[in-house]
Amino acid sequence: MMEALQQGKPEDELFVDDKSVEWGSFKHNAIPKGAMACAHQNLANTLNPPERWILEQSLKYDSLTEEDGNTILGFKEVRTEREGSWTAKEAAAYYQEMFPCSRYLINIRSDTEKQVQSMESEFEFENGKSVKSFVEDGTNFHRELAEELGDAARLTDLEEWKNNVDVLNEVIEWLGFKNCRFNTILHENHDGYQPDRERHLNLDDDCEYSP
């Protein structure tokens, strides 16, 4: 394996994207496909670490994964960078390589007019790009991204679930949770960026993750 890393083997599927460069300022050994996946996953864990007591307990083990192997790691993206960078197909291929065991919940708002009104009241846009085209392009991009990710993705629409908690409960079941049902929908970013202090989620004691 080390010889392959040093020399590179174009016929090996692990090295279809890279080969060794033996001289010059870009000199490096061949980088195998998927080599950055662990780094990306560790970064996600670092940005949102477990609770302090879990970190303290992990000192007794060789690794945090050994002690906390049942934790589900995840994070929220406000939007996927797309302008002049990559297509939905390319973005899906990147996510699948870096997070091969993940599931993706992609949320859109089909009422783009309401979304435009909301964004115009909070943000300023430069370079002459209209909010309307930004919103419509983003909505189309995320629809395509969900399609490219296939069974690993679930596309939800704010207009469908904002007044129907059953839609979100279907998502919970799709994620692999059993006996887990939301009883209400919280209004995050209430009155600007405030939490919902009027409603509370209650889950049954037998709620569990069972993939």
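Helices (H or I, at least four residues) and strands (E, at least two) are taken as DSSP runs, numbered from the N terminus. On that basis, the predicted model follows the pattern α-α-α-α-α-β-α-α-β-α-α-β-β along the sequence. This comes to nine helices and four strands. The chain has 211 residues, of which 26% count as buried. Contacts between residues at least 6 apart in sequence were also examined; 49% of them join residues at least 24 apart.

Nonpolar packing comes next. In soluble globular proteins, nonpolar side chains tend to be buried together. The largest nonpolar core in this chain holds 14 residues. Y95, Y104, I106, L145, L149 and A153 touch the most other members. Three elements give two or more residues each to this core: α5 (88-98), β1 (104-108) and α7 (131-149). Helix α5 gives the most, with five residues. A second, separate core has six residues, among them L158, W161, V165 and I185.

Y104 illustrates the packing of the largest core. Neighbours within four places in sequence are set aside here. Y104 is then in contact with Y95, Q96 and F99. Its other partners are L149, A152, A153, R154 and W174. Among these partners, Y95, L149 and A153 are also listed with Y104 as residues that touch the most other members of the core.

Helix α9 spans residues 165-175. Its buried residues are V165, V167, L168, N169, V171, I172 and W174. They pack against β1, β2 (153-157), α8 (158-161) and β3 (177-178). V165 also belongs to the second core, while W174 is a contact partner of Y104. At the start of the helix, a side-chain oxygen of N164 reaches to within 3.1 Å of the backbone nitrogen of D166. After the helix comes G176, with a positive phi near 115°.

N169 also lies in helix α9. N169 counts as buried because its relative accessible area is 2%, and the cut-off for buried is under 20%. Residues up to four places away in sequence are not counted among its contacts. Beyond them, N169 touches C180, R181 and F182.

The second largest pocket holds about 180 Å³ of space. Its lining is made up of H40, L43, A44, L47, N48, F75, E77, Y94, Y95 and F99. Seven of these residues are nonpolar, two are polar and one is charged. Helices α2 (37-47) and α5 each supply at least two residues of the lining. Helix α2 gives the most, with four residues. In the largest core, by contrast, α5 gives the most. Y95 appears in both settings: Y95 lines this pocket, and Y95 is one of the core residues that touch the most other members. F99 lines the pocket too and is in contact with Y104.

K76 lies in the loop between α4 (64-67) and α5. K76 counts as exposed because its relative accessible area is 72%, and the cut-off for exposed is over 50%. K76 and L105 are 29 residues apart in sequence. In space, their C-alpha atoms are 9.4 Å apart.

Conventions. Residues numbered from 1 in each chain as written. Predicted model: local features only at pLDDT ≥ 70, side-chain atom pairs only at ≥ 80, totals over all residues. Heavy atoms only, no water. Core = buried A, V, L, I, M, F, W, Y, C linked by side-chain atoms within 4.5 Å. Buried < 20%, exposed > 50% of the residue type's maximum accessible area, 1.4 Å probe, protein only. Contact = heavy atoms within 4.5 Å. Polar contact = N/O pair within 3.5 Å; in protein donor to acceptor, adjacent residues only side chain to side chain. 1 Å grid on protein atoms, 1.4 Å probe; cavity = no way out; pocket = protein on both sides within 12 Å on 5 of 7 lines; lining within 4 Å. Points joined across faces, edges and corners; volume = space filled by probe spheres on them. Nonpolar A, V, L, I, M, F, W, Y, C, P; charged D, E, K, R; others polar.
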